[in-house]
Amino acid sequence: MATISPPGDGPAVELIDVERRFLTPDGRSMTAIRDFSMTVGRGEFVAVVGPTGCGKSTTLGLVSGLSRPTLGAVRIFGEPVTGIDPRVGFVFQTDALFPWRTVVDNVVAGPLFRGRSKEEAYEGARSWLKRVGLAKFENHYPHQLSGGMRKRVALAQTFINEPKILLMDEPFSALDVQTRVVMHEELLNLWSEQQASVIFVTHDLEEAIALADRVYVLTNGPATVKSIYTIDLPRPRVVADIRYQPRFIEISHTIWNDLREEVQAGYSRSAA
Amino acid sequence: MTDVTTLPAAIGESLAAGETPGARAARLRHYKVLAWRWAILVAFLGGWELTAATGLIDPFFFSQPTAVVARLWEWMTEGTAEGPLWFHLWVTMEESLIGFFTGAAAGIVVGIALGRNRMLADVFSIYIKVINSIPRVVLAPIFIMIFGLGLGSKVALSFVMVFFVVFSNAFQGVREADRNMIANAQILGASPWQLTRSVIVPSAMSWIFASLHVSFGFAIVGAIVGEFVGSRYGIGLLINVAKGSFDAAGMYAAIVIIMVVALAADWAMTRLEHKLAKWRPQPHGEQT
């Protein structure tokens, strides 16, 4: 199905006919994703949408190296994924900051784990905190910050490692709508500066369209790719206004018609 | 017990926030709680004293508060029949402290090791369960036989009392560590050792502290039971001697001493915990 690229200069991420099965606690085998193929170009922003619980996050686990595919191949930059790759960054849905560390100590975690010197790490962390607007809060603990500020710390913590591939698992779903739009702007700015490739998993279709170059729509579980849409909205985008543009509404309408069947199928199945 | 100290601070805060009616109600409630606490203490001690004095209960068996206080005073000023009180207290404290620190350290290390290593946990869990099912105090005679009448046997008993409590909490704490946080650390580049040190141990810390609170009491139990069974010094010996001479006041006096020590240790532990856990949000409604 997908062509195999030579190592070293392949696209940022390839998933080729991947299947991933889990063993449920009662000992049965459950298929989360099946016949799943996906390609993310270098510097491309791809969003993945699908009904809740369909297996969207599973794809991120496979790319990050936290889990292995049952069948098929996962490659980054043309090389098979064998473990956690230092070029990958991951922003989680729930708070994954270390609550016992201050903001700045959270941000230095990555560089220190990777053996940088203390001065270098703290210098980098301070400059990243300045970029996400939290310079004054470096000695606060996470519980003293708002949800939006904690997400900004998480972004700084991830971006300081300069990931070439950024995986995001519904990172802003716990934020209120206004904060979320601010975070979208911030993310797009960071992304365009860093030229990373992004896989952004969300259940929010408008978020996906506003941010991404391409949107993958998944089927109800076991998930497979239902359709792929290229979002031709011009960049740079102003996320706060983009949702009122006619082209945005048109795209959103088309994809929603596609997604609705899956959402309804999932709903009737879980209700049955 | 220690929550009492946090109460006025909480009230001060709400007063400062300017919510006058609410603060007033809270202050009144606080006084009410205090009044009841004192009333119950006075009623208990007064009732004890009175019933003993009037012969309703036999002071030979139950003693009476004034006699207990008199005995404590005598022990403190003149020493006990077995030598100075402070020496006995020190012996018991030494046994408890050594047992507590070695037991807690071993419990933490083994708990974290087994918590991090599935294979080790699967192999050893059955043995730990088996040994854990032994009531610890029955080991006292065995330890006395092996380690003699001195320090060693009491420390050993304190150690096993403390070890299993701390171990099981440390183990549980490691298992309860947040999966997302672990995944986050791994992706940020943590090696297994870095992961243990900077994520697993800190997140298990609140579990471990919860066990340390209880287990200092257990360390004292271990030392005292050991002293009962066979010793030359210690508070346990004082109780044993008092029992032998039907000195009820002496037994209660020894109990009061142990109570004070255990409360002081608990207080110190709470202070230390607050200091180490300054990253945690202030608990709301912790009051009693």
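These are my notebook entries on a predicted model with chains A and B.

**Entry 1: chain A as a whole**

I began by listing the secondary structure, and chain A came out with 9 helices and 10 strands. Next I looked up the radius of gyration of chain A, which is 19 Å; the globule rule also gives 19 Å for 272 residues, so chain A is as compact as a globular protein of that length. Along the principal axes, I found that the C-alpha trace of chain A spans about 50 × 45 × 40 Å.

How much of chain A is buried? I got 41% of its 272 residues. I also looked at contacts in chain A with a separation of 6 or more, and 71% of those come from residues 24 or more positions apart.

**Entry 2: the domains of chain A**

I checked the domain assignment here. Chain A splits into domain 1 (1-87 + 167-272) and domain 2 (98-162). I noted that the C-alpha centres of these two domains of chain A lie 26 Å apart. Domain 1 of chain A puts 11 residues into the contact, and domain 2 of chain A puts in 8. On the domain 1 side of chain A, I have 8 nonpolar residues, 2 polar and 1 charged.

**Entry 3: an open sheet in chain A**

I followed the strands next. Four of them make an open sheet in chain A, ordered β2-β1-β4-β5, with antiparallel pairing. Which strands sit at the edges? They are β2 (29-40) and β5 (79-80) of chain A, each paired on one side only.

I then zoomed in on β1 (residues 13-23) of chain A, which runs antiparallel to β2(A) and is joined to it by 8 bridges. The two strands, β1(A) and β2(A), form a hairpin with 5 residues between them. In that turn I spotted Gly27(A), with a positive phi of about 90°. Beside the turn, I have Leu23(A) with Ser29(A) of β2(A) as its bridge partner. Phe22(A) stands opposite Met30(A), also in β2(A).

A reminder I wrote in the margin: in a regular strand the side chains alternate between the two faces of the sheet.

**Entry 4: the helix across that sheet**

What lies across β1, β2 and β4 (71-76) of chain A? I found helix α1 (residues 56-64) there, running at about 110° to β1(A). Is α1(A) mostly covered or mostly open? It is mostly covered, since I count 7 of its 9 residues as buried. I wrote the buried ones of α1(A) down: Lys56(A), Thr58(A), Thr59(A), Leu60(A), Leu62(A), Val63(A) and Ser64(A). After α1(A) comes Gly65(A), and I noted its positive phi, near 90°.

**Entry 5: a second hairpin in chain A**

Further along the chain I looked at β9 (residues 214-218) and β10 (residues 225-230) of chain A, which pair in the antiparallel sense over 5 bridges. I put these two down as a hairpin, with 6 residues between β9(A) and β10(A). Leu218(A) stands opposite Val225(A) of β10(A).

**Entry 6: where chain A touches chain B**

How many residues of each chain take part in the contact? I have 21 residues of chain A against 14 residues of chain B. On the chain A side, the elements that give two or more residues are β6 (88-91) and α3 (109-113). I sorted the chain A side by residue type and got 13 nonpolar, 7 polar and 1 charged.

**Entry 7: the domains of chain B**

For chain B the domain assignment gives me domain 1 (1-57) and domain 2 (61-276). Their C-alpha centres lie 30 Å apart. Each of these domains of chain B gives 8 residues to the contact. On the domain 1 side of chain B, I find 6 nonpolar residues, 1 polar and 1 charged.

**Entry 8: a glycine in chain B**

My last stop was Gly173(B), which I found in helix α8 (residues 151-175) of chain B. Why does Gly173(B) count as buried? Because 25 other C-beta atoms lie within 10 Å, and the cut-off for buried is 20 or more.

Leaving out residues up to four places away in sequence, I see Gly173(B) touching Ala204(B), Trp207(B) and Ile208(B). I looked at one of them, Ala204(B), a bit further: Gly173(B) and Ala204(B) are 31 residues apart in sequence, yet 4.1 Å apart in space from C-alpha to C-alpha.

Terms used
Residues are numbered from 1 along each chain as its sequence is written. Chains are lettered from A and ligands numbered from 1 in the order in which they are written. This is a predicted model: local features need pLDDT of at least 70, side-chain atom pairs count only at pLDDT 80 or more; totals for chains, interfaces and linings use all residues. Two residues are in contact if their C-beta atoms, placed from the backbone, lie within 7 Å. Helices (H or I, at least four residues) and strands (E, at least two) are DSSP runs, numbered from the N terminus. Ala, Val, Leu, Ile, Met, Phe, Trp, Tyr, Cys and Pro count as nonpolar, Asp, Glu, Lys and Arg as charged, and the others, Gly among them, as polar. Domain bounds come from an automatic or database domain assignment. Two strands pair if DSSP finds at least two bridges between them. Axes are lines fitted to C-alpha atoms, for helices over the stretch in contact, and angles run from 0 to 180 degrees between N-to-C directions. A residue is buried if 20 or more other C-beta atoms lie within 10 Å of its own, exposed if 12 or fewer, and partly exposed in between; C-beta atoms are placed from the backbone. The radius of gyration is taken over C-alpha atoms; the globule rule is 2.2 Å times the number of residues to the power 0.38.
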